[in-house]
Amino acid sequence: MTMMKTARIHEYGDASVMRYDDVPRPRTAFGEVLVRVAATSFNPTEAALRAGLLQAFIPVDLPYTFGWDVAGTVAEIGARVEGFAVGDRVIGRLDSGGAAAEYVRAPAAVLVAAPASVPLAHAAALPVAGLTAWQAVFEHGKVAAGQRVLVNGAGGGVGGFVTQLAKHAGAEVIATASPRSTGAVLRQGADQVIDYTAGPVGAALDVPVDTLVNLVPLNPQDAAALAPLVRPGGRIVSIATPIEPSADTGVSAMHMVARNDVAHLAALVELVDAATLSIDISESRPLADLADVHRLSEAGRTRGKVVIIP
Ligand SMILES: NC(=O)c1ccc[n+]([C@@H]2O[C@H](COP(=O)([O-])OP(=O)(O)OC[C@H]3O[C@@H](n4cnc5c(N)ncnc54)[C@H](OP(=O)(O)O)[C@@H]3O)[C@@H](O)[C@H]2O)c1
């Protein structure tokens with residue numbers, strides 16, 4: 001039996017529950033391919049899952065192997081799979097996780113060709129964060145040319161894509177970031193960066209925005225302080241703490257949960273290959289560092305996307 005390394009948990013808890021187990025390399029089933037993983041990427045929701053905070057929303061069986069994002073090459077093709085060949089470079093969002101491993105079984109239906117213009121491991125940053133950004137900007141935010149958009153949390157993994165996609169839609173982007181992310185956010189096209197560590201975000205905004213995209217878990221006071229920054233009739237989209245609109249303003253507010261969508265993922269790949277969308281990799285870390293990456297994220301010390309290499 002061929003064995004492989006994984007990063008997984010047998011119980012919920014702090015980052016010390018992470019285990020790097022050797023397990024048998026999986027075989028494909030009907031409709032699946034086996035992917036040799038070039039990288040997964042860390043998403044902070046995985047740290048919440050590990051801590052046991054998401055059992056009501058994302059029930060999983062233990063032991064549970066991390067890794068919703070995958071970038072890799074097709075190593076084996078299961079029955080009834082068409083359109084893939086061994087050696088193809090692919091990416092996808094795996095809703096059952098598993099890509100924090102040397103190999104992972106993946107439903108062929110969730111995979112698309114990886115972008116050709118970036119290292120394969122970097123493309124692992126795209127599925128979860130990119131899909132979330134795409135749906136926040138286009139589906140829910142309905143961001144269009146000429147609008148003013150406030151991106152709260154632009155320095156994070158999702159924020160880098162939100163900033164670029166809103167610019168691509170022709171919006172003026174005002175982004176919040178701390179000094180460590182200001183350069184990256186400006187390179188991603190933000191027209192103005194507000195340092196959220198320097199004082200209330202609203203104090204630095206002269207005119208209200210059409211749309212607020214919130215990507216940050218906030219305390220109730222900070223969430224309430226953002227609502228009045230949206231003009232009457234505008235829109236609020238949050239992927240983290242829900243933000244209530246101010247009374248009688250006609251502002252529509254929604255909290256969204258991103259879904260897996262290969263058409264959106266393929267559109268993101270096209271934008272990467274057209275050099276319209278860049279991928280902000282802050283660090284590449286080996287699989288054996290995944291517990292450390294969880295700790296750093298929980299301490300607020302990660303930014304951009306961190307890719308994890310098995
Ligand atoms: N609903 C969904 O479908 C969905 C999908 C994906 C993620 N999420 C959630 O959305 C959130 C963002 O995800 P992510 O992957 O982008 O996280 P992330 O990469 O961990 O975000 C970290 C960034 O947050 C920024 N930040 C922290 N506090 C801030 C504040 N008060 N104001 C502005 N920026 C602040 C920091 O920016 P600086 O570097 O500028 O300091 C940091 O770079 C997480 O809570 C995640 O769990 C939800």
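Trainee: With 14 C-beta neighbours inside 10 Å, which burial class does K142 fall into?
Mentor: A residue is buried with 20 or more other C-beta atoms (placed from the backbone) within 10 Å of its own, exposed with 12 or fewer, and partly exposed in between. K142 has 14 such neighbours, so K142 counts as partly exposed.

Trainee: Good start! What kind of model is this, and how are its residues numbered?
Mentor: This is a predicted model, where local features need pLDDT of at least 70, side-chain atom pairs count only at pLDDT 80 or more, and totals for chains, interfaces and linings use all residues. Residues are numbered along each chain as its sequence is written, starting from 1.

Trainee: Where does K142 sit, and what is its phi?
Mentor: K142 is in the loop between α2 (127-140) and β11 (148-152); helices (H or I, at least four residues) and strands (E, at least two) are DSSP runs numbered from the N terminus. K142 is not a glycine, yet its phi is positive, near 45°.

Trainee: Is A275 buried or exposed?
Mentor: A275 lies in the loop between α6 (262-273) and β17 (281-286), and its phi is also positive, near 65°. It has 9 C-beta neighbours inside 10 Å, so A275 counts as exposed.

Trainee: Which residue forms a cis peptide bond with P63?
Mentor: P63 belongs to the loop between α1 (44-50) and β6 (64-65). The omega of the cis bond is about -5°, and the partner of P63 is L62.

Trainee: How many residues of β11 are buried?
Mentor: R148, L150 and N152 point one way, V149 and V151 point the other way, and all are buried. β11 is therefore largely enclosed by the rest of the structure, and its buried count is five of the five.

Trainee: What is the bridge partner of L150 in β14?
Mentor: Strands pair if DSSP finds at least two bridges between them. β11 runs parallel to β12 (172-177), with five bridges, and parallel to β14 (209-214), with four bridges. L150 has I174 as its partner in β12, and in β14 its partner is L212.

Trainee: Between which parts does the ligand lie, and why?
Mentor: The shell around the ligand has 30 residues, counted as near when the C-beta atom, placed from the backbone, lies within 6 Å; G155, G156, S178, S181 and R303 come nearest. Elements giving two or more residues to the shell are α1, α2, α3, β12 and α4 (179-187). By automatic or database assignment, two domains both give residues to the shell, so the ligand lies between domain 1 (3-126 + 279-309) and domain 2 (129-255).
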